[in-house]
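User: I am new to reading protein models. Please take one part of this one and walk me through it slowly.

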Amino acid sequence: MSGENDRETVLRGVLDKWKAGVDAHEPQRVAALFTEDAIFQGLRPYSVGRPGVAAYYDSQPPGLTAAYRILETRDLAAGLVLGYLAVEFSFADRPSLHVNLAVLVRRAGADWLIAHYQVSQLG
C-alpha cells in the first residue's frame, strides 16, 4: 500500500460497516467483518473467532452506537494494516464510554476483514 490515505480508506471500508452493524444491533453482521480466527478483546475476556464476536455484540444493550476517529495507521506487511482509533460508545441509558481501539485488518480475497481487535479503556 502506498500511503496513509490508502490505509485510511481500507480501515474506513471495514470500520464503517462495523459501526453500521453495531448501531443497528446486528451481531451476526458485525461478526462477518472478522476473520474466522480473529482474536477479539472487548471489555470482557477475549475470544477467538466469529461466534465470540457475535456473542459479545449480542450482549450489548439496544441503542448502543459507536463513533470512531482514526488516530494512526501503519502498513505491517502486504495485505495487513494496523489502525489505532479513538472510539466513543454511546448508550441510551448511561454515560458514553471512551476507549482506544487497535485493529489489524487483513486482505481476504477482494475483502478486508478484522483479524485482531483490542480495546483499551481509558482511565
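User: Let us start from V48. Which strand does V48 lie in, and how does the sheet around that strand fit together?

Analyst: V48 lies in strand 2. Keep in mind that this is a predicted model.

Start with the residue itself. V48 has a relative accessibility of 51%, so V48 counts as exposed, the cut-off being over 50%. V48 also belongs to a nonpolar surface patch, together with I39 and Y46. That patch covers about 310 Å².

Now widen the view. The sheet is open and has six strands. Their order is 2-1-6-5-4-3, and the pairing is mixed. Strand 2, residues 47–48, is an edge strand, and so is strand 3, residues 65–77. Each of these two pairs on one side only. In general, strands of a sheet pair through backbone hydrogen bonds, either parallel or antiparallel.

A helix packs on this sheet. Helix 3 spans residues 50–58 and touches strand 1, strand 2 and strand 6. The direction of helix 3 makes about 50° with that of strand 1.

Next, follow the chain out of the helix. The loop between helix 3 and strand 3 contains P61. P61 has 24% relative accessibility, so P61 counts as partly exposed: buried would require under 20%. Leaving aside residues up to four places away in sequence, P61 touches H25, F91 and R94. R50 is eleven residues from P61 along the chain, and their C-alpha atoms are separated by 19 Å.

The loop leads to the other edge. Strand 3 pairs with strand 4, residues 80–90, in the antiparallel sense. Eleven bridges hold this pairing in the model. Two partners show how the strands line up. T73 has G83 of strand 4 as its bridge partner, while A77 stands opposite L80. The hairpin of these strands has two residues between them. There, G79 takes a positive phi near 75°.

Move one strand further in. Strand 4 and strand 5, residues 97–108, also run antiparallel, joined by ten bridges. Here G83 appears again, standing opposite V103 in strand 5. G83 therefore has a partner on each side, T73 in strand 3 and V103 in strand 5, as a strand pairs through bridges to its neighbours. The hairpin from strand 4 to strand 5 passes through six residues.

To recap, the path began at V48 in edge strand 2. The path then passed helix 3, which packs on the sheet, and the loop with P61. The path reached strand 3, the other edge strand, and then turned through the hairpins to strand 4 and strand 5.

Notes: Residues numbered from 1 in each chain as written. Predicted model: local features only at pLDDT ≥ 70, side-chain atom pairs only at ≥ 80, totals over all residues. Heavy atoms only, no water. Helix = DSSP H or I, 4+ residues; strand = E, 2+ residues; numbered from the N terminus. Contact = heavy atoms within 4.5 Å. Axes fitted to C-alpha atoms, helices over the stretch in contact; angles between N-to-C directions. Patch = residues over 30% accessible without salt bridge, like charges linked within 9 Å, V, L, I, M, F, W, Y side chains within 5 Å. Areas by Shrake-Rupley, 256 points an atom, 1.4 Å probe, with all protein chains shown as cover. Salt bridge = Lys/Arg side-chain N within 4 Å of Asp/Glu carboxyl O. Buried < 20%, exposed > 50% of the residue type's maximum accessible area, 1.4 Å probe, protein only.
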